[in-house]
Each structure stands twice: as C-alpha cells, then as structure tokens.
Amino acid sequence: MNVRSLWLPLMLCAILPCPLLTAQISSSERFSLSGNVTNSVTGEPVNRVLVTLLLVSGERRAAHQGQPSAQVLTDASGTFAFSDLVGGAYRVSATKPQFQGGDGGNSLVLGPSQQNLELKIHPLSTIEGTVLDLSGQPIPGANIQAVRAEVSQGRRTLSQTRSVATDDRGHYRLWNIVPGEYLIRLAGRMGGTRPFLGDNAPIVDWPEAVAPIYYGRATERASATPVVIKYGEHVTADFKEPLRAAFKIRGTLTNYTPHDKIVVELLSPDGQVVSARISVNAVNGKFVVNDVTSGVYLLRAFQGEAPAQLQAETEITVNSGPVDGIELPLQLGADVPVSSRCEDDGRGSGLRACGAEVALISSGQSHRRQGTHMRDGRASIQNVPPGEYTLQAEPFSGYVQSASMGATPLTASTKIAIRAGQKPEPIELLIRSDGGRVEGSFEANAHPTTVAVLAVPGFDTVSGPSITYCGPDGRFDLGPLAPGDYTLYAIADIEQVAYQDTDVRRGFANGVTVRVTSSGTAQVKVTGLAR
C-alpha cells in the first residue's frame, strides 16, 4: 500500500478513530522502523537521543491512552531501530538535553516497515563571559540576566529567561538559550528577598557594588542593542565595570502579615529589577535593601496571592548615603469599574454582545498590563496598583465610538492616574454597530504563506490598529471599523512586529490609504509588503 495514499486518513487519525486505516492492516502483522538523528546545524549524528513513538491510531491504541508506544536511545552513530511494532499511524519525536526537538514531531504510517527515517534536532545556544572591575579583578556574585525581547499583541515586551551569578573568577555561563533577540544585563549583586527571625538578620557590610548596565554600555533598555542568537551559537559577552559605593535602604512594611511570603524589589528607571540582597524581619516587616548604588529607583513589595495580593511602591532617590525611615504601606490596589453602552444603527444589524476586552497598560516603571473581559456590559479591572495607565479596549462586535472616565474623554494616549487610597471614576465605553468594512486583495510577486493586513487609523482610538489575514487567494475582509481614514499595510510576520509602537509604524512602506464610511464597504488593493 502506498503511504501517500493515506495522507487524508492520517490527518483525520489525529482527532478521530480510524477504522478504515486499521482495516487495511492485518492485526497479526508486525513492522519495524529505523533511522538516524542528526544535528540540524552541523549535520553530525547525535548519540543518546531519546526517540519516542506514540501510536495515534491502530491496534491497541486505547490501551496506550497517550503513553509512549516505544522508546529507544540512539547509538554512537545516531542510529535508532524499533521492531515488533503493530501497524497504524504514529507520531515520532526526538529529545535530548541541550537540544530542541523538531517542530511538532513527525507523523508516519507503519504498514509496510520503514527504514532510513531522518530526524533533526536543534542545538541550543550558550552565552558566557566575565565580569571584571576596571583594574581587571574579577567581581564574584554579580547577577547576569538574559532578557528576551518578544512581541505580545503588537507590543514589545521583555522577559527574563535566564539568570546566573558569576563565580570566584568573575565567570558566568548561561546555557540552553533558544534562538531570539536578547539583552544581556549586568543587574547588580546576586540576591533577593530573605526573611529572618529574631536577631538572625543577614550581615551585609560590603561597601561596593556594580550599577546595573546592559552589554554594550547602555544604561536603559531603550538604547540597548539586542544580541541575535541562532541555534548552536556560542556568544561571548564580557563586562568591565567600575565598583561604586554601595548604600542601604531601610524601612518598614506597614499592614504587613507576619510570616507570610513577602517579596521586596528594587527597579531601575527602565522598569527592570535591580539585583540586591534584601532582608525582611518576618515578624515586624522591617527591611533592609543592600548593595544600592546612587540613582533613582522604584521600591515595591508584594504579599499574598492574586486577586487579593497586597502591594506597595514608592520612588527612592539614593545620593551619597543610606536612605532610612521608608514606610511601605501594603494595600490592595484600586478596582476600576468599566461599563459599556451600545447603540444600534437602526438597520437591524445589532450587536452580538455589548462587551469588550478592556485593559489598563502602564507606561511607567512598573510596565504592567491589567485587564478584564466585559461580557454583559459591566465589569471591573481589579487590584490596579497606583500609577499612570492608558486604556485599550477591543469590542467583541461593533466598534468603540468613544470612551470616558467620569467627565474626561479618553483616547489611546490619555493618561489615567490611579492614586493610592482614592476610588477611581468608572470607565464607560460607547459601542456602535454601524461600522464600515474594507474588502480587498494583496498582490505581490512573491506571496508569503501567511500575510496579515494591518489597518492603522488616522485618528486617536482606544482600540488601536485592526488586523485580519489574507486567504490563499490574497483576498481579505476587515471590519467592522469606526468611520474615518486608515492606512493599510501587508505584513508577513505580524506576530513578530510591535505594530502598537508608533515609532515602528513610521518605518512601514507600501501603505494604502482608504476612507471607511458608516455601514459602507470600501474596496482596496494592497501591493507589496510593509517591511
């Protein structure tokens, strides 16, 4: 039987029983499978790789219930072999520490047997280097972080993926690094929050520390240059930094619950945590932050679990001496009421739901995003810490015509101030159903597999840009959109593009302008990719 003739049954087997497939293979037959595993970068064979077979459909599928049907390790030449296998559809995967398996695994059908199956695994990368002072002496105990630059919902975010301390030689090594863009950061001295009892406070009298800095000498993430890492790369990043005078911040957590888990953090102006040794008296909440160099910081604390987590934060300026007498009052954040009012266009189109996904996005040091799904026209964004935020609202149907907070109109750039101890005014959205649509086509000499069309409004809106995807024929349908002027861009890798950032959008090319009218449909043709 030709394996290619089974492609459709094999696809269905991933979700449905396959009596057709199993009927074509005798239950008494047994089959074999063999092949080899190679390094996707070097092409060399890889030994001691765990190759796993999972029976997707066929004889005894129910008995396995998702458990591996068979497993074997590759030998010194990267070869593996299975025998005495029942016929059916299988999924095969290869795993080994410090490697990443192939995307999604491989599917195959046994019956007849197969030989020379080729599997590739991807070697993960390493970042290593040394941290020295200006005289060339090692700085032990320094915290090195690999901060990964990612894009989520059109916004560029940073997430700390790995963290390690330098050894007595000032050497560090970050391993198992997956491909991507990274900022390599010297974050200070390795530490964290350490509770203590009685007179057992940690004694920290080290007079010097290193100030946080990114590899390449940038002091803030906005000016830091990311390092692009591919599979199997070895990246060297050395730091040579001056030791600076280190000071202490002392204070008390009020409204503190004795012996409950507490986290105290110090943040730099770009919103990244500064590594320092922090001790907290588990009974009375008195704390000491050590290893602090001169600068402006955000000091914050958390106790408890969401959604009832208590929080506190305050800005601290450290000049040329210790800072004493700080009080951090732990308290719940504010609950921000949100409601929506819906207006029909009178033409019977209506709205499927008078609701939206609503979020407050911090533009300050905390860099938080807190939101809620408002399904019945009323909700609350809970436990929002003090700070400045902007509003983003995506309706489930229709479009947001206007937004307000009390008597203040809101746009995407309006700053919303949440104050400690003050009850915020409610946010109200006006959602309408008479939005317009844009129908069109994307045409280019080379047509990528997946192309998104981004509609950037020429006016300020809390919903921001809108996205749709082209079909196989390049056609797209976008809407409902608020009436107004838009610029449309075709983008092949929209998941990796920070399109919410106006500076990023300024670099786009091949934009097409279109005017959207109430309940109307505009026709447009987009040629060429934006980037």
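**Exercise 1. The R437 pair**

Task: Is R437 buried, partly exposed or exposed, and which residue forms a salt bridge with it?

Solution.
- Start with accessibility. R437 has a relative accessible area of 29%, so R437 is partly exposed. The cut-offs are under 20% for buried and over 50% for exposed.
- Note the source of the coordinates. This is a predicted model.
- Find the partner. R437 forms a salt bridge with D477, with the closest N and O atoms 3.0 Å apart.
- Place both ends. R437 sits in strand β36 (residues 436–443) and D477 in strand β39 (residues 475–481), so the pair ties together parts 40 residues apart in sequence.
- Check the acid. D477 has 37% relative accessibility and therefore counts as partly exposed.
- Look for a network. Salt bridges with shared partners join R341, E343, E428, R432 and D434 into one.

**Exercise 2. Two further salt bridges**

Task: For the salt bridges R250 to D324 and D291 to R277, state which strands are linked and classify each residue by burial.

Solution.
- Recall the principle. Side chains of opposite charge can pair when their charged atoms come close.
- Take R250 and D324. Their side chains meet at 2.9 Å, N to O. R250 belongs to strand β20 (residues 247–254) and D324 to strand β26 (residues 323–329), 74 residues apart.
- Classify this pair. R250 is partly exposed at 33%. D324 is partly exposed at 48%.
- Take D291 and R277. This salt bridge also has an N to O distance of 2.9 Å. D291 lies in strand β23 (residues 286–292), R277 in strand β22 (residues 273–281), and 14 residues separate them.
- Classify again. D291 has 5% relative accessibility, so D291 is buried. R277, at 26%, is partly exposed.
- Put these pairs in context. The structure holds 17 salt bridges.

**Exercise 3. The surroundings of S463**

Task: Where does S463 lie, and what does its side chain reach?

Solution.
- Locate the residue. S463 is in the loop between β37 (452–457) and β38 (466–469).
- Test burial. The relative accessibility of S463 is 11%, so S463 counts as buried.
- List the contacts. Beyond four places in sequence, S463 touches Q392, A393, E394, P395 and V400.
- Pick out the polar one. The S463 side chain comes to 2.8 Å from the backbone oxygen of A393.
- Add a long-range distance. V358 is 105 residues away from S463 in sequence, yet the two C-alpha atoms are 9.4 Å apart.

**Exercise 4. A four-stranded sheet**

Task: In what order do the strands of the sheet with β37 and β38 run, and which strands stand at the edges?

Solution.
- Write the order. The open sheet runs β38-β37-β40-β41, with antiparallel pairing.
- Find the edges. β38 and β41 (512–516) each have a single partner strand, so one side of each lacks a neighbour in the sheet.
- Get the twist. Neighbouring strands are turned by 30° against each other on average, ignoring direction.
- Zoom in on one pair. Six bridges join β37 to the antiparallel strand β40 (residues 484–491). In this pairing, A452 stands opposite I491 of β40.

**Exercise 5. The whole chain**

Task: How many helices and strands does the chain have, and what share of its residues is buried?

Solution.
- Count elements. The chain has four helices and 42 strands.
- Take burial. Of 531 residues, 44% are buried.
- Take the surface. The chain exposes about 26200 Å², and carbon and sulfur atoms supply 49% of that area.
- Weigh contact range. Among contacts with a separation of 6 or more, 71% join residues 24 or more positions apart.

Terms used. Residues are numbered from 1 along each chain as its sequence is written. This is a predicted model: local features need pLDDT of at least 70, side-chain atom pairs count only at pLDDT 80 or more; totals for chains, interfaces and linings use all residues. Side-chain values use heavy atoms; hydrogens and water are left out. Helices (H or I, at least four residues) and strands (E, at least two) are DSSP runs, numbered from the N terminus. Buried means under 20% relative accessible area, exposed over 50%, partly exposed in between (1.4 Å probe, protein chains only). Contact means heavy atoms within 4.5 Å. Accessible areas come from the Shrake-Rupley method with a 1.4 Å probe; for residues, only the protein chains shown count as cover. A salt bridge is a side-chain nitrogen of Lys or Arg within 4 Å of a carboxyl oxygen of Asp or Glu. A polar contact is a pair of N or O atoms within 3.5 Å; within protein, one must be able to donate a hydrogen and the other to accept it, and residues adjacent in sequence count only if both atoms are side-chain atoms. Two strands pair if DSSP finds at least two bridges between them. Axes are lines fitted to C-alpha atoms, for helices over the stretch in contact, and angles run from 0 to 180 degrees between N-to-C directions.
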